[in-house]
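Visitor: I have not seen this structure before. Could you take me through it by question and answer?

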Amino acid sequence: MIKPVRILAFDISLGQPGAALIEVRNGQATIIDKSNIKTTTKDSIAVRTSIVYAWAVHFIECNRGKGFDFVVRELFQGRTWKQNAPVFAAWSAVDQALNVFDLVYTDEPITPGTHFKAVTGNGKATKQEVAEAVRKWTSFEGEFASDDESDACSLALYKAIKEGLI
């Protein structure tokens, strides 16, 4: 039996980021954990960023005993500073959470089209198509609380595909 490989993935936004931990063992991917947190625009960016930070720390803490072989995140490029600033604030919060545990990203951020194409066969897949593809790759029969959870799983699956693990 080959040692299992665990991939921690973040689909980062300020409104509702998602995280996933996927384990690949003997060519089969399994969702170990997934999570998201919803913030509200009624709060300041500082409050929302703190919520994202606390959520990320909690998710990492709950799973760090399993170990992480890879840590990945999705790329975001907005067209204006008003789009970029909140996402980059959330990125910073997740980066700080990773730093608490001496973790770093093992790859450059992954574009949505790149991981969607690898996982679904279509770089412009719908959120529903992504969730269905994640279920097929992992045999997951449950529900995703948000698209951000299935997107985070897709990011981890992309890394597993790229590494030739599945």
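Visitor: Is Asp 69 buried, partly exposed or exposed?

Guide: The model is a predicted one. A residue is buried under 20% relative accessible area and exposed over 50%. Asp 69 has a relative accessibility of 32%, so Asp 69 counts as partly exposed.

Visitor: Which residue forms a salt bridge with Asp 69?

Guide: Asp 69 sits in the loop between α1 (45-63) and β4, and its partner is in the segment before β1, 66 residues apart from it. The closest N and O atoms of the pair are 3.3 Å apart, and a salt bridge needs such atoms within 4 Å. The partner has a relative accessible area of 55% and is exposed. The residue is Lys 3.

Visitor: How many salt bridges are there?

Guide: Side chains of opposite charge can pair when their charged atoms come close. Salt bridges that share partners join Asp 107, Lys 159, Lys 162 and Glu 163 into one network. By the 4 Å rule, the count of salt bridges comes to eleven.

Visitor: How many residues apart in sequence are the parts that Glu 149 and Lys 34 tie together?

Guide: The side chains of Glu 149 and Lys 34 meet in a salt bridge, with 3.3 Å from N to O. Glu 149 has 4% relative accessibility and counts as buried. Glu 149 lies in helix α5 and Lys 34 in strand β3, so the pair ties together parts whose separation in sequence is 115 residues.

Visitor: Which residue meets Arg 73 in a salt bridge?

Guide: Arg 73 is in strand β4, and its partner is in helix α2 (residues 81-100), 22 residues apart. Arg 73 is buried, with a relative accessible area of 12%, whereas the partner is partly exposed at 25%. The N to O distance is 3.2 Å. The partner is Asp 95.

Visitor: What is the nearest side chain of opposite charge to Asp 11?

Guide: Asp 11 lies in strand β1 (residues 5-11). Asp 11 is buried and has no salt bridge. The cut-off for a salt bridge is 4 Å, and the nearest side chain of opposite charge is 5.3 Å away. That side chain belongs to Lys 127.

Visitor: Which residues is Asp 11 in contact with, leaving aside its neighbours within four places in sequence?

Guide: Contact here means heavy atoms within 4.5 Å. The residues that meet this condition include Asp 148 and Asp 151, and also Glu 74. The full list is Pro 17, Gly 18, Glu 74, Asp 148, Asp 151, Ala 152 and Leu 155.

Visitor: Which element gives the most to the largest nonpolar core?

Guide: The largest nonpolar core has 26 residues, and those with the most contacts inside it are Ile 7, Ile 22, Val 134 and Cys 153. The elements that give two or more residues to this core are β1, β2 (18-25), β3 (28-36), β4 (70-73), α3 (112-120), α4 (127-138) and α5 (147-162). The one that gives the most, with seven residues, is α5.

Visitor: How many residues are in another core, apart from the largest one?

Guide: Among the residues of this other core are Leu 21, Val 71, Val 87 and Ala 90. This core lies apart from the largest one, and its number of residues is 23.

Visitor: Is Ala 125 buried or exposed?

Guide: The place of Ala 125 is in the loop between α3 and α4. Leaving aside neighbours within four places in sequence, Ala 125 is in contact with Phe 116, Thr 120 and Val 130. Its relative accessible area is 9%, and the cut-off for burial is 20%. Ala 125 is therefore buried.

Visitor: What is the radius of gyration of the protein chain?

Guide: The chain has five helices and four strands, in the pattern β-β-β-α-β-α-α-α-α along the sequence. For 166 residues the globule rule gives 15 Å, and the chain comes close to that, so it is as compact as a globular protein of that length. The radius of gyration is 15 Å.

Visitor: What percentage of the residues count as buried?

Guide: The protein chain exposes about 8400 Å², and carbon and sulfur atoms supply 52% of that area. A residue counts as buried under 20% relative accessible area. Of the 166 residues, the share that count as buried is 47%.

Note on methods. Residues are numbered from 1 along each chain as its sequence is written. This is a predicted model: local features need pLDDT of at least 70, side-chain atom pairs count only at pLDDT 80 or more; totals for chains, interfaces and linings use all residues. Side-chain values use heavy atoms; hydrogens and water are left out. Buried means under 20% relative accessible area, exposed over 50%, partly exposed in between (1.4 Å probe, protein chains only). Lys and Arg count as positive and Asp and Glu as negative; His and the chain ends are not counted. A nonpolar core is a set of buried Ala, Val, Leu, Ile, Met, Phe, Trp, Tyr and Cys residues joined through side-chain atoms within 4.5 Å. The radius of gyration is taken over C-alpha atoms; the globule rule is 2.2 Å times the number of residues to the power 0.38. Accessible areas come from the Shrake-Rupley method with a 1.4 Å probe; for residues, only the protein chains shown count as cover.
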